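Colleague: Hey, can you walk me through this one? I'd like to start with how the helices pack.

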Amino acid sequence: MSSPSQADTAVYFVFLSTVLGILVLSGLVLLPVLLPVAATDDNWKSTATTSNGAFSDLEKLYMGNVKSKSPRLWAFLLALYWVSFVTYYLLWKAYKHVSGLRADALMSREVVRPEQFAILVRDIPPVPEGQTRQNQVDSYFKAIHPETFYRSMVVTNNKEVNKIWKELEGYKKKLARAEAIYAKSKTTGKPEGARPTNKIGFLGLIGKKVDSIEYYNEKINEVTPKLEVEQEVTRKEKQQNSALVFFTSRVAAAAAAQSLHARIVDKWMVTYAPEPRQLIWSNLKINFFQRQLRQYVVYVLVALTILFYMIPIGFISALTTLDNLKKFLPFLESIVNIAAIKTVMEAYLPQLALIIFLALLPKILMYLSKAEGIPSESHVVRAASGKYFYFIVLNVFIGVTIGGTLFSTFKTIQKKPNSIVSILASSLPLNATFFLTFVALKFFVGYGLQLSRLVPLIIYHLKRKYICKTEAELKEAWFPGDLGYGTRVPGDMLIVTIVFCYSVIAPIIIPFGVVYFGLGWLILRNQALKVHVPAYESYGRMWPHMHTRILASLILYQVTMLGYFGTKKFFYAAFLIPLILLSLTFGYVCSQKFYRFFRDPALEVACRELKEAPNMEQIFRAYIPPNLSSEKIDDEDYEDALSQVSRSGSFV
């Protein structure tokens with residue numbers, strides 16, 4: 001098998017360059033036109049409204065410096081149209097470009113990808129009397145695809161066998177470590193060396209001391225037969241209601257993946273097969289109705305988290321006060337009563353708890369997305385990315401904007417409820433200063449840490465000096481992982497939303513957005529090519545989600561500006577309503593024209609001939625889980641879980 005094409009990485013850089021292009025083209029018009037229009041008016045003087053600090057002169061460049069009902073507002077309205085049409089044009093070009101990238105990756109004649117010859121079948125009905133699960137699957141697909149069906153692999157419950165396999169792998173790593181320590185001792189001490197020892201009690205801290213090499217060899221010899229027995233039991237007795245079905249051609253697999261096989265929706269559900277490394281085996285057994293129920297429950301939980309996230313944060317903050325800590329954890333009372341510790345904990349403990357909660361949020365969202373029953377890692381990342389995007393946009397962007405404009409003037413609103421509109425109109429531009437510094441901080445600190453990789457470097461050297469003894473441990477310690485699309489893309493989308501929504505109110509924010517995405521393109525390109533290793537390949541399936549969220553940011557921008565023009569008593573603000581409808585129409589047209597190819601592989605792409613006929617057995621075995629594979633594997637071992645070869649056919 002060949003290395004992945006890294007189409008996902010290429011698509012991410014199409015996203016960065018598209019947003020960069022939108023901001024550059026927008027800035028070329030907005031900066032020279034809107035800044036003079038705003039600066040030459042004097043609404044700040046007439047309202048005597050300035051922010052507390054050194055930004056008062058900068059605020060004269062904001063739209064807030066333009067008087068209500070002023071004809072100058074036409075310039076800002078037309079600027080909004082310019083930004084929108086630039087976005088439409090570049091998003092359309094990008095969608096066509098990414099569609100071509102996906103097609104090129106899938107049509108490659110050089111690379112044989114197992115997932116292009118397989119489909120995933122879920123919700124298999126109960127086994128008829130007198131048949132095995134494998135016979136049931138084989139007969140069903142042989143009847144429908146008699147010429148191209150190759151064989152099937154019934155999914156099994158691997159929980160127990162995986163536990164034993166991990167135990168065995170752990171002993172193998174410890175044995176390699178002990179042998180490395182023993183070999184090193186021969187070069188640094190006596191020629192005969194010092195054989196390493198360890199205690200076999202709790203965490204290796206207590207118990208009998210034994211020779212490590214002999215002990216781990218014994219454990220390996222003890223666990224290996226147990227693994228082989230459990231593998232046999234798993235293959236024969238722990239089969240699930242799902243299977244992987246293999247075809248002799250890419251076209252046949254692509255056609256089968258997007259065909260309706262059963263007349264009832266919750267039987268024989270067929271989809272394309274993810275990459276072998278992406279499969280979440282434990283989710284494949286979850287039936288149709290459970291998946292639907294889980295999805296709705298997760299959506300409700302995420303919605304509640306987004307809308308009421310201050311409740312868990314407030315609970316955590318309250319729980320981490322010193323009085324509550326002493327109440328619920330009385331053994332800490334003697335420690336927290338020490339003056340120095342008490343001062344530090346009173347000052348930082350609640351804030352630290354908040355930071356930890358927000359840092360754990362992406363992992364919580366990943367866990368919830370996986371709990372929906374999603375079958376592949378890349379799909380989980382896309383689902384978690386969407387949830388995280390809505391969370392940070394609603395709670396960072398909208399939360400800060402509303403909080404900054406309303407709560408800071410709450411007393412004034414109480415006294416004069418009718419003044420809320422004028423307060424919003426005069427205060428909204430002031431938040432541009434906050435977000436301007438926010439964007440600057442993101443690219444100075446965020447990209448600085450990304451480029452230097454200071455924290456991973458320190459951790460690596462500490463592990464290398466004190467922990468790692470073998471080459472495998474060194475490689476594992478240095479392994480940089482992927483770019484982390486699940487959190488990186490929503491973070492970038494937040495910047496897109498901020499810069500969009502303030503591009504007309506305060507055009508000075510556009511250069512900061514340009515610098516953010518320009519530096520991102522340069523720095524992350526280097527990191528993607530020379531540092532990070534892709535964890536999966538979905539051939540650009542993240543792009544429709546990126547496109548939709550850029551468009552969602554644009555619509556939020558248009559709606560925000562419609563409201564803001566209203567507070568400025570600019571009666572021609574109604575001209576923005578057709579623009580909002582145009583954005584919705586543009587999104588619908590793009591979805592109808594392009595999205596289907598990102599959901600299902602096109603047959604004209606799948607029919608491209610491969611340079612060499614693929615090794616179907618190698619493709620098949622790529623999907624055997626590591627915990628079920630062994631060096632002496634043969635078909636007899638899989639007599640119940642795997643079918644025999646059906647026939648050979650043409651390969652494309």
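Modeller: Sure. Keep in mind that this is a predicted model. Take helix α6 (residues 159–188) and helix α7 (residues 212–237): they pack at an angle of about 160°, and their axes are 9 Å apart.

Colleague: OK, are α6 and α7 roughly parallel or antiparallel, then?

Modeller: Angles over 145 degrees count as roughly antiparallel, so α6 is roughly antiparallel to α7.

Colleague: And which hand does the crossing of α6 and α7 have?

Modeller: Left-handed, as α6 passes α7. Sorted by class, their contact has 13 nonpolar, five polar and eight charged residues.

Colleague: Got another helix pair for me?

Modeller: Yes, helix α1 (residues 7–39) with helix α21 (residues 509–530). Their axes come within 9 Å and cross at roughly 155°. That makes α1 and α21 roughly antiparallel to each other, and their crossing is left-handed.

Colleague: What classes of residue are in the contact of α1 with α21?

Modeller: There are 17 nonpolar, six polar and one charged residues in that contact.

Colleague: Why do you keep giving me both an angle and a distance?

Modeller: Because two packed helices are described by the angle between their axes and the distance between those axes.

Colleague: Makes sense. New topic: what about the surface, which residues make the nonpolar patch?

Modeller: Leu441, Phe444, Val445, Leu449, Leu454, Val455, Ile458, Ile459, Leu462, Tyr466 and Ile467 make a nonpolar surface patch of about 1100 Å². The elements giving two or more residues to the patch are α17 (430–452) and α18 (454–466).

Colleague: Which element gives the most to the nonpolar patch?

Modeller: That's α18, with six residues. Val455, for example, is found in helix α18.

Colleague: Switching to charges now. How many salt bridges are there?

Modeller: The count comes to 15 salt bridges. One of them is formed by Glu617 with Arg151, where the closest N and O atoms are 3.1 Å apart.

Colleague: Where in the chain do Glu617 and Arg151 sit?

Modeller: In distant parts of the chain: Glu617 is in helix α25 (residues 616–621), while Arg151 is in strand β2 (residues 149–156), and the two are 466 residues apart.

Colleague: So why can side chains of opposite charge pair at all?

Modeller: They can do so when their charged atoms come close.

Terms used:
Residues are numbered from 1 along each chain as its sequence is written. This is a predicted model: local features need pLDDT of at least 70, side-chain atom pairs count only at pLDDT 80 or more; totals for chains, interfaces and linings use all residues. Side-chain values use heavy atoms; hydrogens and water are left out. Axes are lines fitted to C-alpha atoms, for helices over the stretch in contact, and angles run from 0 to 180 degrees between N-to-C directions. Helices (H or I, at least four residues) and strands (E, at least two) are DSSP runs, numbered from the N terminus. Angles under 35 degrees count as roughly parallel, over 145 as roughly antiparallel, 65 to 115 as roughly perpendicular and the rest as oblique. A crossing is left-handed if the near helix is turned anticlockwise from the far one by less than a right angle, and right-handed if clockwise. Ala, Val, Leu, Ile, Met, Phe, Trp, Tyr, Cys and Pro count as nonpolar, Asp, Glu, Lys and Arg as charged, and the others, Gly among them, as polar. Patches are made of residues with over 30% relative accessible area and no salt bridge: like charges are joined within 9 Å, nonpolar side chains (Val, Leu, Ile, Met, Phe, Trp, Tyr) within 5 Å. Accessible areas come from the Shrake-Rupley method with a 1.4 Å probe; for residues, only the protein chains shown count as cover. A salt bridge is a side-chain nitrogen of Lys or Arg within 4 Å of a carboxyl oxygen of Asp or Glu.
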